[in-house]
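Got the viewer open and a cartoon view loaded? Let's walk through this one stop by stop, picking something to select each time.

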Amino acid sequence: MKSVVVFLIAVFVGVNFRPADSAWVHHFPRNPCRYVRCAPGLTCQVRNNRPICVPKPSTPRPTLSPCAYVLCGPGTTCQVKDNRAVCTFVLKPRPSTPRPTLNPCSNKKCNPGFKCAMKVVPCASPPCGPQPVCVKEAPSSLCPSGQALPTINCGRSPSRQACPSSHFCHIDPLDRFAVCCPRKVTCAYVRCAPGLTCQVRNNRASCVPKPKPSTPRPTLSPCAYLLCGPGMTCQVKDNRAVCTFLLEPRPSTRRPTLNPCSYKLCVNGLTCRVENGQGRCVFVP
């Protein structure tokens, strides 16, 4: 207890009392700042084994961008230029319009029975890219409709073959090709049993059940799906359901029919009589 009192007197009164470092550490083996109270704004630090009150270190404030205090208008954005906030317009990138791809075969004209195709052909300085050339059309594209039979030649040559009953021989006028093309199947000569109807499927005419007639649903008023509150009714205006208030008719109050003689005053010897809806004073016989 004596050592604590001596320490406090030496710090606050300023007595020239400075024991050796070894004696100081012996008396205060722990942190000496635990026994020191500094003024507001100061903190205790141990320097050369002595507690000293020093100013508290200031906490650095976070540096905010100049744009944090600027509100730009619509279509603009804030940018920092030379440590200053500047509102600039937002330039939207223009949508890139893809250029149309030209087909090299669009300007290539081929003879009947041939079509344009891109193929690699011998050139003067190879390698060369594909070039538009005319090639012979495949048999499947020679028929007016459907695909041709590629294994049958029904032309005018000695080795000609007859086409099946489901196909006919399609011969080019210049004898460039002769292929078997499928016949156009129709239901003109097909008779189906009652309850069935003819339909062409996969180039074949077959009888299938008739579809059941669909019953049209009744058209409901838009008010059928709207529930109005009390004192209101639903009305259709411009094909829309609208709830409107009910206007109750006011009861008609009939005025009482007054006798014209009720407000007619006659002199003595005369009496009031109603004539033509008016009261008149007449002599009483």
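Start by showing every cysteine side chain as sticks: a search of the whole structure turns up 14 disulfides. Bear in mind as you go that this is a predicted model. A disulfide is a covalent bond between two cysteine sulfurs, and three of these links are worth a visit.

**Stop 1: Cys163 and Cys180.** Select this pair and you'll find a disulfide with an S to S distance of 1.9 Å. The pair bridges distant parts of the chain, 17 residues apart: Cys163 is in the loop between strand 6 (131-136) and strand 7, while Cys180 is in strand 8. Look along the S-S bond: the torsion is about -80°, so this disulfide is left-handed. Now switch on a surface. Cys180 has a relative accessible area of 0%, so it counts as buried.

**Stop 2: strand 8.** Stay where you are and select residues 178-182. How many of the residues of strand 8 are buried? The count is 5 of the 5, so the strand is largely enclosed by the rest of the structure. Turn on the side chains and check which way they point. Ala178, Cys180 and Pro182 go one way, Val179 and Cys181 go the other, and all are buried.

**Stop 3: the partner strand.** Add residues 167-171, which make up strand 7. Strands 7 and 8 run antiparallel, with 5 bridges joining them. To get your bearings on the pairing, pick His170, which stands opposite Val179 in strand 8. The two strands form a hairpin with 6 residues between them. In that turn, click on Asp175, which has a positive phi of about 55°.

While you're in the loop between strand 7 and strand 8, select Asp172 too. Is Asp172 buried or exposed? Its relative accessibility is 6%, so Asp172 counts as buried. Leaving out residues up to four places away in sequence, Asp172 touches Arg156 and Phe177.

**Stop 4: the nonpolar core.** Phe177 is also your way into the next selection: Leu142, Cys143, Ala148, Phe177, Val179 and Cys181. These 6 residues are the largest nonpolar core. In soluble globular proteins, nonpolar side chains tend to be buried together. Center on Cys143 and show what surrounds it. Setting aside neighbours within four places in sequence, Cys143 is in contact with Ala148, Val179, Cys180, Cys181 and Pro182.

**Stop 5: two more disulfides.** Move along the chain to Cys187 and Cys198, joined by a disulfide at 2.1 Å from S to S. Cys187 is in the loop between strand 8 and strand 9 (196-201) and Cys198 is in strand 9, so the pair ties together parts that are 11 residues apart in sequence. This link is left-handed, with -75° about the S-S bond. What about cover? Cys187 has 26% relative accessibility, so it counts as partly exposed, while Cys198, at 18%, is buried. The cut-off for buried is under 20%.

Next, select Cys192 and Cys207, whose sulfur atoms are 2.0 Å apart in another disulfide. Cys192 is in the loop between strand 8 and strand 9, Cys207 is in strand 10 (residues 204-209), and 15 residues separate them. With -85° about the S-S bond, this link is left-handed. Cys192 is partly exposed at 25% relative accessible area, and Cys207 is partly exposed at 34%.

**Stop 6: two phi values to check.** Most residues other than glycine have a negative phi. Now click on Asn48, which is not a glycine but has a positive phi of about 55°. Asn48 is in the loop between strand 1 (42-47) and strand 2 (50-55), and at 67% relative accessibility Asn48 counts as exposed.

Then jump to Asp238, in the loop between strand 11 (232-237) and strand 12 (240-245). Asp238 has a positive phi of about 55°, and it isn't a glycine either. Asp238 is exposed, with a relative accessible area of 76%.

**Last stop: zoom out.** Color by secondary structure and you'll see 2 helices and 14 strands. Of the 285 residues in the chain, 14% count as buried. The chain exposes about 24800 Å², and carbon and sulfur atoms supply 55% of that. Finally, take contacts between residues at least 6 apart in sequence: 15% of them join residues at least 24 apart.

Key:
Residues are numbered from 1 along each chain as its sequence is written. This is a predicted model: local features need pLDDT of at least 70, side-chain atom pairs count only at pLDDT 80 or more; totals for chains, interfaces and linings use all residues. Side-chain values use heavy atoms; hydrogens and water are left out. A nonpolar core is a set of buried Ala, Val, Leu, Ile, Met, Phe, Trp, Tyr and Cys residues joined through side-chain atoms within 4.5 Å. Buried means under 20% relative accessible area, exposed over 50%, partly exposed in between (1.4 Å probe, protein chains only). Contact means heavy atoms within 4.5 Å. Helices (H or I, at least four residues) and strands (E, at least two) are DSSP runs, numbered from the N terminus. Two strands pair if DSSP finds at least two bridges between them. A disulfide is a pair of cysteine sulfur atoms within 2.5 Å. Accessible areas come from the Shrake-Rupley method with a 1.4 Å probe; for residues, only the protein chains shown count as cover.
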